[in-house]
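Trainee: I would like a close look at one part of this model, the contacts between its side chains. Please start with the rings, go on to the charges, and explain each term as it comes up.

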Amino acid sequence: MKVQESLFIQRKKPLLKKLLDMLLEQYPYASILTEDAKSGNYSVSRKNMSVGEGERGTSRGFVVKVSDGKHYAEYSFNQISEENLEGICDHIRELVESSDKIMPEGLCESEYHVPAGEETAFCDSTDYEIDPEVLGDDAILAHLAAIKEKGLAFSDKILDCQVMGNYQKYTKLFLSGNQSSGNCMMEQNVMWMTGILFFVAAKGEEFKTYFRTYSNLGGAEVLSQIDADIEECAKVVLELLDSESVIPGEYDCICSPDVTGMIVHEAFGHGVEMDMFVKKRAQAEQYVGERVASDLVTMHDGAAAASEVATYYFDDEGTMAHDTTVIEKGILKRGISDLQSALVLGTEPTGNGRRESFRRKAYTRMTNTFFEGGSDTMEEMIASIQYGFLLENPRSGMEDPKNWGIQCMVNIAREIRDGKLTGKIFSPIVLTGYVPDLLKSISMMSENVHLGGSGMCGKGYKEWVKVSDGGPYIKAKIRLG
């Protein structure tokens, strides 16, 4: 089934078209982004059960953007009627006229060109099997509660089994016009849903946790994936109770697809966001066209590059979604950008201009970020290691795009000795290094690629957007501690 258009936006379309026409009488370029988003959060644990709207995922409002040929101005609001159209235009006029007066001393002014326009009409929707709104809160909570009970019953060493779900359904309408060309009207209707299975176990004074995540571009059908993993996840958290600390050093490592995804996101995702190029905060700008990784590495980002939670048809500035090849066979080809950064840098925007909501500005943001697969098998990769580790279950990561440093937390390192898994586990693990050294050391890649999108990515004043990342299993030299 297809996600349906917002009735709210349907009713407001005539007013929005009228507002656009009024703005185009005064400015060579104008656009209006309208969003109507609803989300739901669900959580069940031993002691608690909760349901509610997601604070960040539920919003309804508008962003107007205009250009006088030199400046851009934005104005966001959440009410529109026939009576306040003139008032909206007045507010925008005041913003544009005041822009010359608010430039801080010592800063120079960039001149933006009006983007070329063409008459466009676009409308599309993503697919789903089970609408969480139709399924209902009670049914979702009952499903999660049944999973929790199975998890708790597995062992008396398991202190808690928390199960969470989150969905967002949104419609975005983008209207734009250029005085020298026709108007553009684009609409998209999208839904995604995620789940998390989280275990806590104890043995004496020792506490360990383990979680597994689930995501899809769709609806509540994702919840059925959790049921099949209860026993395996319970066994892993119990294994962790016997884990040891790793001896710091550099090792041959195999990264599971979710660890690969964390490396992709932190190591080169943020580093190639081109608004950082504008601010001279990313070293990657100096290496476009240069080797930054092994020949095996080809990296993509784009809302059109995969079907996951960060998939959409056009971004929040009206640029169609792309599949951008960031690294091709080890060579850094280009970064990803929003419209404004592209105008400053003289490049083509890649459809990565994203807002947390209509209340926030657009930044260059990652979408679906991943490495392509290779041709090696897991068996071949493990057999190739005399002593090293299989890294699983990423926790968190940090990067320094100016100096290309990376630091990530991983929950599990499974020991490999003489080409075989020994069954020994080390935890927790800190993964560090200089990004090009790590990526250049990649020597094997599995064929299958997996992406996940249970988390969110923060930037700026901690605006949060949905992202997914992943890749194949990779073998590399990695510093662990």
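Mentor: What follows goes through the ring contacts, then one helix and one hairpin, and then the charged pairs.

This is a predicted model, in which local features need pLDDT of at least 70 and side-chain atom pairs count only at pLDDT 80 or more, while totals for chains, interfaces and linings use all residues. Residues are numbered from 1 along each chain as its sequence is written, and side-chain values use heavy atoms, with hydrogens and water left out.

Begin with the rings. Rings of Phe, Tyr and Trp (for Trp, its six-membered ring) are taken as a pair if their centres lie within 6.5 Å; planes under 30 degrees apart are called stacked, those over 60 edge-to-face, and the rest tilted. The structure has 13 aromatic pairs. One of them joins Tyr-29 and Tyr-72, edge-to-face, at 6.3 Å centre to centre and 70° between the planes. Tyr-29 belongs to strand 1 (residues 29-44) and Tyr-72 to strand 4 (residues 72-77), so this pair ties together parts that are 43 residues apart in sequence. Helices (H or I, at least four residues) and strands (E, at least two) are DSSP runs, numbered from the N terminus.

Next comes accessibility. A residue is buried under 20% relative accessible area, exposed over 50% and partly exposed in between (1.4 Å probe, protein chains only). Tyr-29 is buried at 7%, and Tyr-72 is buried at 17%.

Another pair is Tyr-251 with Tyr-387, which is tilted, with 6.2 Å centre to centre and 55° between the planes. Here Tyr-251 is in strand 9 (residues 249-255) and Tyr-387 in strand 16 (residues 387-400), so the parts tied together are 136 residues apart in sequence. Tyr-251 is buried at 13% relative accessibility, whereas Tyr-387 is partly exposed at 28%. Rings can also gather in a group: Phe-8, Phe-62, Tyr-75 and Phe-77 form one aromatic cluster.

A ring can also have a charge over it, which is counted if NZ of Lys or CZ of Arg is within 6 Å of the ring centre and within 35 degrees of the ring normal. Lys-172 has its charged end over the ring of Tyr-170, 5.2 Å from the centre. Lys-361 lies over the face of Tyr-363, 4.0 Å from the ring centre.

Burial also gives a helix its sides. In helix 4 (residues 137-152), the buried residues include Ile-140, Leu-141, Leu-144 and Leu-152. The buried residues of helix 4 fall within an arc of 160° down its axis, so they line one face of the helix; the arc is taken from the directions from the helix axis to the C-beta atoms. An α-helix has 3.6 residues a turn, so residues three or four places apart point the same way.

For the hairpin, strands pair if DSSP finds at least two bridges between them. Strand 11 and strand 12 (residues 331-332) run antiparallel and are joined by two bridges. Ile-327 stands opposite Leu-332 in strand 12. Two residues lie between these strands in the hairpin, where Lys-329 takes a positive phi near 50°.

Now the charged pairs. A salt bridge is a side-chain nitrogen of Lys or Arg within 4 Å of a carboxyl oxygen of Asp or Glu, and the count comes to 31 salt bridges. Glu-356 and Arg-56 form one, at 3.9 Å from N to O. The two are 300 residues apart: Glu-356 is in the loop between strand 13 (353-354) and strand 14 (363-364), and Arg-56 is in the loop between strand 2 (49-52) and strand 3 (59-67). Glu-356 is buried at 17%, while Arg-56 is partly exposed at 44%.

Glu-239 and Arg-414 meet in another salt bridge, at 3.6 Å, N to O. Glu-239 lies in helix 6 (residues 230-240) and Arg-414 in strand 17 (residues 405-417), so the pair ties together parts 175 residues apart in sequence. Glu-239 is partly exposed at 32%; Arg-414 counts as buried at 16%. Finally, salt bridges that share partners join Lys-38, Asp-131, Glu-133 and Lys-169 into one network.

Technical notes
Expected span 1.5 Å × (residues − 1).
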